[in-house]
Amino acid sequence: VIAVHTDFLFIVAEIGAAFAGFASLVAAVSRRQDQSLEKSQLDFGKLQNAVVLSLVAVAFALFPSLVERQGVDPAIAWRGSAAVFSIVFGSYTALGMRRYLPSYGKAGHPVPLTLRVNVFAAGISVIVLALCAAGALPTSSYLLALTALLYMAGVAFLRFFVSIGQSSGAA
């Protein structure tokens, strides 16, 4: 088990919370009534993705430390956290693909490259987390997957922000 610098985990949690909060603020300020239903659904999906990914990043940045503070052996805490993270992240990714990818086809839009890259990164992260949970990879792999998740939350936030800007004619 590596000695994890807890400041890194708290920084990830703070950045994730900032993404979630700012995305929600932008959504509230820029709400438009004259959008088509399909555009509104895509924007809502982008907002939901940004907020959920950000909050999952916050949760799993704090989860291992909270488990350790309950007196659990650090190796078990990190491996257990990796297992739970893998299940939650994998489930969210699979459900998101099933729910949102078809909406691009209905709206006549191609699936963006950034979304494709995020789905690929999520798949790799889930595999890495599962191997970390099984003890086949070091616990530092958890931090790599967490960093990938934070990157994905940032991309989701930027996609939402750009979409809102295009809706209002600002971009």
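I began with Phe 85 and, leaving aside its neighbours within four places in sequence, found it in contact (heavy atoms within 4.5 Å) with Val 56, Phe 60, Gly 90, Leu 129, Tyr 142, Ala 145, Leu 146 and Leu 149.

I note that this is a predicted model, in which local features need pLDDT of at least 70 and side-chain atom pairs count only at pLDDT 80 or more, while totals for chains, interfaces and linings use all residues. Residues are numbered from 1 along each chain as its sequence is written, and side-chain values use heavy atoms, with hydrogens and water left out.

I then looked up the elements and found five helices and zero strands in the chain, where helices are DSSP runs (H or I) of at least four residues and strands are runs (E) of at least two, numbered from the N terminus.

Next I turned to the largest nonpolar core, a set of buried Ala, Val, Leu, Ile, Met, Phe, Trp, Tyr and Cys residues joined through side-chain atoms within 4.5 Å, buried meaning under 20% relative accessible area, exposed over 50% and partly exposed in between, with a 1.4 Å probe and protein chains only. This core has 36 residues, and Phe 85, Phe 89 and Tyr 142 have the most contacts inside it. Two or more residues each come from H1 (6-29), H2 (37-68), H3 (74-107), H4 (113-133) and H5 (140-167), with H5 giving the largest share, twelve residues.

Over the chain, I recorded that buried residues make up 39% of the 171 residues.

Last, I checked Ile 124, which lies in helix H4 and is partly exposed, with a relative accessible area of 41%.
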